[in-house]
Amino acid sequence: MAKRAFKTVLIILSFLLLVYMFLPGPDSITDFPALPDSIKSSLEGDTIQVPNVSAYFSNNYRDFVIPYYYDSYKEGTIVPFGPLRLNYPPEFAFAAIKDQTHSTYLEEFVYPLKNSLFINGLEPVEKDGTPRYVGGGRFEMDGRFIDTKVTLRFYPSTLPVRVAVWLGINLSVIVLFIMSKRILSK
Amino acid sequence: MPKLTTILENVLFWAGVSLVLFIPLFMKFPLIKIGGSFVSVRTEDVLILLTYLVWAGYLVLSGDIKSFLKDKLNQAFFAFFLIGAISAFSGAFLTHTISVNLGILHLARRIEIVLFLPFFASIVKTNRRAYVLLGTLSIVIFLACFYALGQRYLHFPAVSTTNAELAQGVIYYIQPFGRIISTFAGHYDLAIFLVMGLTIISSVIFYFMQKKNMFYVGWLGFLGVLSGLVLVMTAARLSFVAAFVGIVLALILAGKKKFILVLFVLAALALAYPSQLRERFVSTFTVNILRSWEMYFSNSSTGGGLNIPTLPQYGPIRETKEATDETALTSPDIVPGEPVDITDLGVYRSFEIRIRAEWPRAIRAFVKNPFLGTGYSSVGLAVDNDILRSLGEVGILGTFAFFLVIYETIKRIIRIYRSQSGFVKYLSGGVLAMIFAFIVNSLFIDVFEASKTGSIFWMILGITLALGKISGKNDKAI
C-alpha cells in the first residue's frame, strides 16, 4: 500500500515537472523589454555577433534594473512563481556574457530546467557622479551623458532538449530507486 | 579459449602492477592539450585505456561478464556513469554551462578513475597476486617519500599542475620555503597519498607484530616514520588531521587502543617541532578562528576606488622599488586588509577562496539544476569540497548514485573485516580507516577527482575486495 502510494506520488511529481518544463516563456532576448529611457547599444558584440545579447545605455542603476527584469521575466512566462536570483562575481561576465565585458555587477535569473537570463551592469559613477573606480566616468552617447550600461544575455533551451532532460531525470530516478532497494535493504 | 583467458589474466595482472607503479610515480607531463582547460590527456590515460580494452575482452572471453554485470556494486557504478552522462547532456544543451568536449572528457576521467575498483576486484584471482600489488604499493610509498626528500635536499625537479603555466609540464625546483610535492600534482595530493599509506600501515603492522615477522615490521615501521616525516614537510593541515583521525580509527579496528596515547604523543611532538605545518596551524587558529592579523595598508595613492577585476587599471604608474628585507617578506599581490605575514596570508587566502569563490560557485550550480547539476567541468577545476562539487556538477541524483557506490563498498569491506581473520582482517580495518580519512580530506580538498590519489584510492579498494572474495572462497572450501 505504502509502496503504491510512493509510486503514485513520484508519478504525479514527474508529471508536474513535465508541465512546468512545458510552460511557455520567453524564446529569445527580443522577448525582454528595453530599459526605460534607454539607448540600445549598437556596439560590436552587443547586437548579432553573440546570440541572445542586447545592451542598453541609461541612467538606471542596479536597484531599478534588477527588479525591472525580474518582473518582466516573470510576466513573460505563466509559471506561478518568479525566477531564482543568483549573484555572481563581476569577472564571470567574461564567460556568462561575452569576452572582455566590463562589469560592476552580474546577476542571473533562473527558471531551473528551463532557461535563464544574465544581467550585467557597468556603473562607472555613483548616482551623485562620483567615479566608482580610478578613471570611471559617464558614457557619451548621441551627445548625451549616460550613467550606466546594462547588458543582457538570455540562455534559452529548446523543447526537445527539455523533454530529453525530463526523460533523463525520470530514468535516473527509476535506476536509483531500483539500486537503492538492492543496496540499502538488509 | 581457456589458454587465451589465462594469458589475458596474466597480461592484465602485470598491467595492473605497472599502473600501480606508473600512476603515482610518473609526473604529470601533458601528452595532448585540451582546448578550454589546462587539464591534459597524459601518458597514463592511454595506458589505462589500453588496459581497460584488454580487460573488456577478457571479461567477454572468460564469461565473467555475466557475473560482472549482475554485481550490484558494478551496477551502482553504471548508474553513476549514466547520471553523469545525462548531467553532461543537460549541462551542454539545457543550462549551457559546459562545452560538449570538456564535459565528455571530464566524465571520461571520472569513469577512468573509479573503474579501478571493479578492474582490480576482477583481475586479482589469488592471494599471492594481491600481496604482490600491496608490496608494490609499499615500494611506491618509499619511492614517493624518497623523491620528496630529494626535492627538499638534493634539488630533484618537480612538475605540478597547480596553475595553467606549470600544467604545461614545466620542470621547476622547490624553493627552500616551498612545499614538497614529490611526483604528485601538488603538496595536497602527496599528503593525501601519504595519509592513505599511513592509515593502512597503522593497522597491518600489528598483524606482522603478532606473527613476529620482524622484516615486515621493520619495513612498515620505516615506511610509517618516513611517511609521517614527509607529511609534516608538506605542511598540509587538513591531511595531518585526517591522518590523525584515520590512524585512531585504524588502531581501534586493529584492537590496539592503547597505542592511541602513543599517537597523541607523536602528533604533539610533530606539532611542537618548528615547521611550516606548526606555523600554519597557529595561523589557522589566529586568522581563521580568532580573525586576528596584522593588516596590510597601501601607502601608494591609486585613487582609493573599487578594484574591479574586469576593468582596465588606470591611475599613476607605480614606481618599482628595490627589494629590501622588509618588502621581500610581503606578497607582491597583497591587497589592503589582507594579513602582512606571509604564512597568515596563505592561510587566510586558502580559507577565503573556499568560502567566497569556490563553494558559492558550486552552490549556484546546484541551485541552477538541483536534479542534475550543471555538468562535469562546470564548476572549474577546484571546489575544495567534494560534496559541494558533486552537488554542483551532477546534482542530487548523481550525488546519491555516488553515495550508493561508497555505501556498498564500505558495507562489503566491513563484512570482510568482520568475517575474516589474520592479514585480511587487519588490511580491511586499515582500508576502512583510509576511507574515513579520505572522506575527511574531501571536505576541504577535491580528493575523489584528483587523478593520482583518486586512482590509488579505488585501486586499494579493488584489491581489498578481491582479497576478501578469495579468502571467503577459501573459507568455504575448508
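## A glycine to start with

Is Gly221(B) buried or exposed, or does it fall in between? Gly221(B) is partly exposed, because 15 other C-beta atoms lie within 10 Å, while a buried residue would need 20 or more and an exposed one would have 12 or fewer. Please keep in mind that this is a predicted model.

Gly221(B) belongs to helix H9 of chain B, which covers residues 214-234. If you would like a second landmark, try Leu461(B): 240 residues separate Gly221(B) and Leu461(B) in sequence, and their C-alpha atoms are 22 Å apart in space.

## The nonpolar cores

Let us turn to the nonpolar cores. The largest one holds 131 residues, and the members that touch the most others are Phe120(B), Met196(B) and Ala401(B). Helix H8 of chain B (residues 187-210) is the top contributor to this core, giving 15 residues.

Met196(B) is a good place to zoom in. Once neighbours within four places in sequence are set aside, the contacts of Met196(B) are Met434(B), Phe438(B), Ile456(B), Phe457(B) and Ile460(B). There is also a second, separate core of 23 residues, and among its members are Leu35(A), Tyr111(A), Phe118(A) and Leu152(A).

## Where the chains meet

How many residues does each chain bring to the contact between chain A and chain B? Chain A brings 35 residues and chain B brings 35 residues. On the chain B side, at least two residues come from each of helix H4 (72-93), helix H14 (342-368) and helix H15 (386-419). H4(B) gives the most, with ten residues.

You may also like to know the make-up of this side of chain B, the one that touches chain A: it has 22 nonpolar residues, nine polar residues and four charged residues.

## The two domains of chain A

Chain A is assigned two domains: domain 1 is made of 1-25 + 157-186, and domain 2 spans 27-155. Measuring between C-alpha centres in the model, domain 1 of chain A and domain 2 of chain A lie 35 Å apart.

The two domains do touch: eight residues of domain 1 of chain A are in contact with eight residues of domain 2 of chain A. On the domain 1 side, helix H1 (2-22) and helix H4 (159-184) of chain A are the elements that give two or more residues. By class, that side of domain 1 has five nonpolar, two polar and one charged residues.

Note on methods
Residues numbered from 1 in each chain as written. Chains lettered and ligands numbered in written order. Predicted model: local features only at pLDDT ≥ 70, side-chain atom pairs only at ≥ 80, totals over all residues. Contact = placed C-beta atoms within 7 Å. Helix = DSSP H or I, 4+ residues; strand = E, 2+ residues; numbered from the N terminus. Nonpolar A, V, L, I, M, F, W, Y, C, P; charged D, E, K, R; others polar. Core = buried A, V, L, I, M, F, W, Y, C linked by C-beta atoms within 7 Å. Domains from an automatic or database assignment.
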